[in-house]
Amino acid sequence: MPAEPEVPLARLPYVEGLLSAQQVADTAAAIAAMQEPWGSVPWTTGEHVDIWNHVEAAMAMLIGGQVEAAERAYAWVPTMQRADGSWPMKIVDGKPEDERGEVNMSAYFAVGLWHHWLVRRDIAFVQRYWPSVRAGLDFVISLQQPFGGIQWTPEDDFCLLTGNSSVYHSLRAGVALADLMDDPQPEWELAGGRLGHALRQHRDLFADKSTYSMDWYYPVLGGAVRDEDAHALLASRWDDFVVPGMGIHCVDTNPWVTGAETCELAMALDVLGQPERARQLVADVQHLREDDGRYWTGWVYDDPQRPSPSSEPRNVHWPVEHTTYTAAAVLLAVDALGETYGHATPGSAIMRGTSLAPHFGEIALECGCLAGERVAR
């Protein structure tokens, strides 16, 4: 039976000819069906939880009409936060399995809370979780290195480009929340300026993960790389990662397309004002959809240019799992595109960033490459 959302179908996002409001509701319900009793949302049933993907799932459930499930998900987040403001990297069965505090995960609650405000306009909800967001971002900026990047964990001193790009997005959401709460956080703005500069000018100083498509498009999706530079960056590796009609590669070494990365790239294109190309990408990965609204993670295809051992099957779903983060990325992309091709929620521009704090000025840089001050465009 079709899922019954807690809000009318007329208020849910859809993209004409791609996903209907009912299909969006079905996918949100499919995410909620994998939610654990205490509120956490694992990658898939029986798998681990991380705060970033958990928050992404909460955002998707909210726009898909699963309001109670989304708010239970948010209520669980502070219960796992430590005294230093961080969250464990990996949580299994409600308990930490990897205790390291990862900056990308510890920052993303800001995006989720700002998204909830845009959709629900519930100031009491924001007030309840603001202290948790504030502590998380304070932890994150404490790990900033002189060149502007933010190291992965307190134990791992390298910086990840994808994660830092998301942190930049989170800092802008955090400053927007700070303005709403009348609780200024100038140190976040300073850190954001240094981080944005690093993402634009010093990408070579981040750990080399260039085989991953996320390192290619995330500086655009996170908002730090913009305008002509963003168009040039996406053009630079388009043919390495995009498989027309199927989606995009997770890594450039394997004939494996994944739904989450494809929909994130679509949202990056939407950021650049290219909704037609973005819509095509989201359409391309609907082969991963099940009738009940769940999504397979990815598809391994047969590519004569990439011969494989007989032990590695082709033209199969892999991994053999339906993931909440894939479903969430689809719904957030549909909401973004709904502004052009159907209907959208008030949170549809969360990745586009038009409701966030302005881009940060590059002030008091410590990288040594630029004297004085320059304000970001």
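Which loop holds Asn315? Asn315 sits in the loop between β7 (298-300) and β8. Let me start there and then walk through the rest. One caution up front: this is a predicted model.

So, backbone first. Asn315 has phi near 55°. That is a positive value, and the residue is not glycine. How covered is this residue? Asn315 is partly exposed, because its relative accessibility is 44%, and the partly exposed class runs between 20% and 50%.

There is a second case. Asp93 also has a positive phi, near 55°, again in a residue other than glycine. Asp93 belongs to the loop that joins β2 (88-92) to β3 (95-101).

Next, a peptide bond to check in your viewer. The bond from Trp318 to Pro319 is cis. Omega there is near -10°. Pro319 lies in the loop between β8 (316-317) and α14 (324-341).

On to the rings. A search of the whole structure turns up 16 aromatic pairs. Take one of them, Tyr168 with Phe360. The ring centres are 5.7 Å apart and the planes stand at 85°, so this pair is edge-to-face. The cut-off behind that label is an angle over 60 degrees.

Where do the two rings come from? Tyr168 is in helix α7 (residues 161-180), while Phe360 is in the segment after β9 (342-343). These parts are 192 residues apart in sequence, so the pair ties together distant numbers along the chain. Are the two residues buried or exposed? Both Tyr168 and Phe360 are buried.

Rings also join up in a group. Tyr74, Trp87, Phe109, Phe125 and Tyr129 form a cluster, linked by ring pairs.

Now charges. How many salt bridges does the structure hold? The count is 14. I will show three of them.

Start with Asp98 and Arg100. Their closest N and O atoms are 2.8 Å apart. Arg100 is partly exposed, at 24% relative accessible area. This bridge does not stand alone: Asp98, Arg100 and Asp156 are linked in a network of salt bridges.

Then Asp270 and Arg352. Their side chains meet in a salt bridge at 2.9 Å, N to O. The pair links distant parts of the chain, 82 residues apart. Asp270 is in helix α12 (residues 259-271), and Arg352 is in the segment after β9. Why is Asp270 classed as buried? Asp270 counts as buried because its relative accessibility is 8%, and the limit for that class is under 20%.

The last one is Glu312 with Arg314. The N to O distance in this salt bridge is 3.8 Å. For this class of contact the cut-off is within 4 Å. Glu312 is partly exposed, with a relative accessible area of 39%.

Staying with charge, look at the surface. Which residues gather in a patch of negative charge? They are Asp138, Asp179, Asp182, Glu187 and Glu189. Asp138 is placed in helix α6 (residues 123-141). Asp138 is partly exposed, at 33% relative accessible area. That value matters for the patch, because its members need over 30% relative accessible area.

Finally, contacts across the sequence. Three pairs, all C-alpha to C-alpha.

Pair one is Met59 and Ala328. They are 269 residues apart in sequence and 7.6 Å apart in space. Met59 is in helix α2 (residues 51-63). Met59 counts as buried, at 0% relative accessibility.

Pair two is Cys250 and Ser213. Here the sequence gap is 37 residues, and the distance is 5.5 Å. Cys250 is in the loop between β5 and β6 (256-258). Cys250 is buried, with a relative accessible area of 10%.

Pair three is Pro244 and Leu281. The two residues are 37 apart along the chain, and 8.2 Å separates their C-alpha atoms. Pro244 is in the loop between β4 (242-243) and β5 (247-249). Is Pro244 buried or exposed? Pro244 counts as exposed, because its relative accessibility is 71%.

That is the tour. Questions are welcome.

Technical notes
Residues are numbered from 1 along each chain as its sequence is written. This is a predicted model: local features need pLDDT of at least 70, side-chain atom pairs count only at pLDDT 80 or more; totals for chains, interfaces and linings use all residues. Side-chain values use heavy atoms; hydrogens and water are left out. Patches are made of residues with over 30% relative accessible area and no salt bridge: like charges are joined within 9 Å, nonpolar side chains (Val, Leu, Ile, Met, Phe, Trp, Tyr) within 5 Å. Accessible areas come from the Shrake-Rupley method with a 1.4 Å probe; for residues, only the protein chains shown count as cover. Lys and Arg count as positive and Asp and Glu as negative; His and the chain ends are not counted. The place of a charge is taken as NZ of Lys, CZ of Arg, CG of Asp or CD of Glu. Helices (H or I, at least four residues) and strands (E, at least two) are DSSP runs, numbered from the N terminus. Buried means under 20% relative accessible area, exposed over 50%, partly exposed in between (1.4 Å probe, protein chains only). Rings of Phe, Tyr and Trp (its six-membered ring) pair if their centres lie within 6.5 Å; planes under 30 degrees apart count as stacked, over 60 as edge-to-face and the rest as tilted.
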